[in-house]
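Biologist: I am just starting to read structures, so please go through this one with me step by step.

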Amino acid sequence: MAVVLRAAGFAVTDLDEELGGSLSADLLAVLNGSTCLVEVKAAVGAAGEKLISQLQRHLEKWPQLRPGQPVTCAALIVNHQHRLDPAERPPEVYQRRVVDALPFPVIASGELFRWWCTQDWPAEQAAVLGQAYSGGDRDEPPAGGRETPAVGRRRWLPWGKGGTA
């Protein structure tokens with residue numbers, strides 16, 4: 001995922017390597033003043049909602065790990081149904097509307113791969129940052145529902161400053 005995010009212009013830090021183990025989310029992605037915690041997960045079958053709580057836990061712990069570096073957003077990237085051919089996987093990670101209430105986007109890894117292949121950096125950036133993306137001059141908008149990208153999703157507020165879990 002770090003390679004895909006870097007291609008879209010993010011400065012990416014591997015937090016597992018830098019902080020050791022699983023103290024925090026997997027990646028820290030920075031772009032145009034936005035600092036985003038990115039958790040990358042895999043699910044053989046349908047993704048469990050436990051993946052969501054793992055990112056929420058990392059967000060709550062972040063201020064203790066890096067008090068001088070607040071995050072402004074977060075994203076959960078999931079490689080779900082990875083035993084299926086990518087063309088056969090559902091485009092949305094969660095079939096239930098659990099993501100509607102989340103303060104961060106849930107992105108299918110297949111969508112990021114598609115944007116990477118087509119070099120649709122604005123779509124990738126918008127999805128990771130949790131911003132709406134209209135598709136600009138592209139012939140087709142990014143696929144997916146509210147999960148990728150988050151059309152109309154509110155911006156994530158740093159935990160402890162009005163955000164909720």
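**An aromatic pair, then the fold around it**

Biologist: In which helix do Phe113 and Trp116 both lie?

Modeller: Keep in mind that this is a predicted model. Phe113 and Trp116 are three residues apart, about one turn of the helix. An α-helix has 3.6 residues a turn, so residues three or four places apart point the same way. The helix that holds both Phe113 and Trp116 is H4.

Biologist: Are the rings of Phe113 and Trp116 stacked, edge-to-face or tilted?

Modeller: A search of the whole structure turns up one aromatic pair. In it, the ring centres of Phe113 and Trp116 are 5.7 Å apart, and the planes meet at 35 degrees. Stacked would need planes under 30 degrees apart and edge-to-face over 60, so the pair of Phe113 and Trp116 is tilted.

Biologist: Is Phe113 buried, partly exposed or exposed?

Modeller: Buried means under 20% relative accessible area, and exposed means over 50%. Trp116, at 33%, falls in between and counts as partly exposed. Phe113 has a relative accessible area of 48%, so Phe113 is also partly exposed.

Biologist: Where on helix H4 do its buried residues lie?

Modeller: Helix H4 covers residues 109-117, and its buried residues are Ser109, Glu111, Leu112 and Trp115. Looking down the axis of H4, you find these buried residues within an arc of 160 degrees, so they line one face of the helix.

Biologist: Which elements do the buried residues of H4 pack against?

Modeller: Let's start with the strands. H4 lies across E4 and E5, and it runs at about 65 degrees to E5. The full list for the buried residues of H4 is helix H1 (2-7), strand E4 (73-80), strand E5 (106-108) and helix H5 (121-129).

Biologist: Which elements does the protein chain have, and in what order do they run?

Modeller: The secondary structure comes to five helices and five strands. Reading from the N terminus on, the order is α-β-α-β-β-α-β-β-α-α.

Biologist: Which strands stand at the edges of the sheet?

Modeller: The sheet is open, has five strands in the order E1-E2-E3-E4-E5, and shows mixed pairing. An edge strand here has a single partner strand, so one side of it is left without a neighbour in the sheet. Going from one strand to the next, the twist averages 25 degrees. The strands at the edges are E1 (11-14) and E5.

Biologist: How many bridges join E2 to E3?

Modeller: Follow E2 through both of its neighbours. With E1, strand E2 (residues 27-31) pairs in the antiparallel sense over four bridges; there Thr13 stands opposite Leu28, and Val12 has Ala29 as its bridge partner. With strand E3 (residues 34-43), E2 pairs in the antiparallel sense too, and one bridge joins Val30 to Thr35. The number of bridges between E2 and E3 is five.

Biologist: Which residue in the turn between E2 and E3 has a positive phi?

Modeller: E2 and E3 form a hairpin with two residues between them. In that turn, a phi of about 50 degrees belongs to Asn32.

Biologist: How many of the five residues of E2 are buried?

Modeller: For the whole chain of 165 residues, 45% count as buried. Strand E2 is largely enclosed by the rest of the structure, because the number of its five residues that are buried is four.

Biologist: Which backbone nitrogens lie 3.0 Å and 3.1 Å from a polar side-chain atom of Asp14?

Modeller: Asp14 sits in strand E1, and at 33% relative accessibility it counts as partly exposed. Leaving out residues up to four places away in sequence, Asp14 touches Asp26 and Leu27. The nitrogen at 3.0 Å from the side chain of Asp14 belongs to Asp16, and the one at 3.1 Å belongs to Glu17.

Biologist: One last residue, please: is Arg66 buried or exposed?

Modeller: Arg66 is in the loop between helix H3 (50-65) and E4. Not counting residues up to four places away in sequence, Arg66 touches Glu18, Leu19 and Leu28. The cut-off for buried is under 20%, and Arg66 has a relative accessible area of 18%, so Arg66 is buried.

Terms used
Residues are numbered from 1 along each chain as its sequence is written. This is a predicted model: local features need pLDDT of at least 70, side-chain atom pairs count only at pLDDT 80 or more; totals for chains, interfaces and linings use all residues. Side-chain values use heavy atoms; hydrogens and water are left out. Buried means under 20% relative accessible area, exposed over 50%, partly exposed in between (1.4 Å probe, protein chains only). The arc is that of the directions from the helix axis to the C-beta atoms. Contact means heavy atoms within 4.5 Å. Two strands pair if DSSP finds at least two bridges between them. Axes are lines fitted to C-alpha atoms, for helices over the stretch in contact, and angles run from 0 to 180 degrees between N-to-C directions. Rings of Phe, Tyr and Trp (its six-membered ring) pair if their centres lie within 6.5 Å; planes under 30 degrees apart count as stacked, over 60 as edge-to-face and the rest as tilted. A polar contact is a pair of N or O atoms within 3.5 Å; within protein, one must be able to donate a hydrogen and the other to accept it, and residues adjacent in sequence count only if both atoms are side-chain atoms.
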